[in-house]
Amino acid sequence: GVIAHVHRSKSRWDIEYDDATEMTPPDCSSFDCVTGVGKPGGDCATCPYNQYETAAKGSGKACKDLADVFIITRTGIMPTVVQVPRTSLKSLKKYGIAIMDAGLSIHDVLTKLTLHTEKKAGKDTAIIDFASAGPIPEEMKAFVRAYKNDIVALLEKSRPAAEKEVQPDTRPTEDGAAPTFS
C-alpha cells in the first residue's frame, strides 16, 4: 500500500505498559509529541518520564513513543491503520530516511511491510520491516496528497480538547515579551 500519513504520539501509564489493557487510558498522553495532557502533563521535551532509563523494565523511557501509520490499499476506501510499536520505530525512521535520501516522499512509493523477530531482554520481539515496492504512478500522487490532508484534518478534529487549549499564543505582546500559552 501507500503510506498516506504517519501520526506520532506519546503515552505513559502508571501501571506497567505490558499490563495495560486496550481500555486502560494512559495517565498522560501527547497527541503531538510536544505537550502532554494528564499526570504530569506539560512540555514533553523536559518531562522526566520522557528520558531514557526511566522505564520500569530495561533502559527505555517510561513515556512511550508510538506511531499510527495510515496506509491506502487497493481493497478499501478507508485506510488500514498499522499501530507501530516502540520496537519498530527505528525501522520506520530508517525507511523514511532512505526514501528521502532517494529524493522521494514516503507518499510517492508503494510500501511493503513484513515482520521478523529479534531477542530483546531475553524475549522474542516482533519487528515491522518497511521496504519500497517501487514508485506509485504519477497520476496517483495528487490523490494520495489529498487523502493525507483529509486524514490530518480528521485527526485534528479528534485531538483531545485539553491539548487544544494548551496551544502557544504566537501573537507578539505589547511589551515584546515571549509568547505565552493560552
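**Exercise 1. Is C33 buried, partly exposed or exposed, and what is its relative accessible area?**

*Solution.* Keep in mind that this is a predicted model. Start by finding the residue: C33 sits in the loop between β2 (28–30) and β3. Next, look at its backbone, where phi is positive, about 65°, although C33 is not a glycine. Now for the surface: the relative accessible area of C33 is 24%. Buried would need a value under 20%, and exposed a value over 50%. C33 is therefore partly exposed.

**Exercise 2. Do the same for E53: find its loop, its phi and its exposure.**

*Solution.* First, the place: E53 belongs to the loop between β4 and β5. Second, the backbone: here too is a residue that is not a glycine but has a positive phi, about 75°. Third, the surface: E53 has a relative accessible area of 60%. The cut-off for exposed is over 50%, so E53 counts as exposed.

**Exercise 3. Find the cis peptide bond at P40 and say which loop P40 is in.**

*Solution.* Go to the loop between β3 (35–38) and β4 (42–43), and you'll find P40 there. Then check the bond that joins K39 and P40: omega is about 10°, and the peptide bond is cis.

**Exercise 4. Work out how β7 and β8 are joined, then look at their hairpin.**

*Solution.* Trace β7 through residues 109–120 and β8 through residues 123–135. The two strands run antiparallel, with 11 bridges between them. To pick out one pairing, take L115 and look across to β8: its bridge partner is I128. Finally, move to the turn, where two residues lie between the strands. One residue to check in this hairpin is A121, with a positive phi near 50°.

**Exercise 5. Describe the largest nonpolar core, and follow Y95 outward from it.**

*Solution.* Begin with the size: this core holds 14 residues. The ones with the most contacts inside it are I3, V69, V82, V84, Y95 and F130. Now ask where the core comes from: β5 (64–72), β6 (80–84), α1 (89–101) and β8 each give at least two residues. The largest share is from α1, with four residues.

Next, zoom in on Y95 and skip its neighbours within four places in sequence. Its contacts then are I3, I106, V109, L110, T111, F130, A131 and S132. To finish, look for a second, separate core: this one has 10 residues, among them A4, Y147, I151 and L155.

Definitions and conventions:
Residues are numbered from 1 along each chain as its sequence is written. This is a predicted model: local features need pLDDT of at least 70, side-chain atom pairs count only at pLDDT 80 or more; totals for chains, interfaces and linings use all residues. Side-chain values use heavy atoms; hydrogens and water are left out. Two strands pair if DSSP finds at least two bridges between them. A nonpolar core is a set of buried Ala, Val, Leu, Ile, Met, Phe, Trp, Tyr and Cys residues joined through side-chain atoms within 4.5 Å. Buried means under 20% relative accessible area, exposed over 50%, partly exposed in between (1.4 Å probe, protein chains only). Contact means heavy atoms within 4.5 Å.
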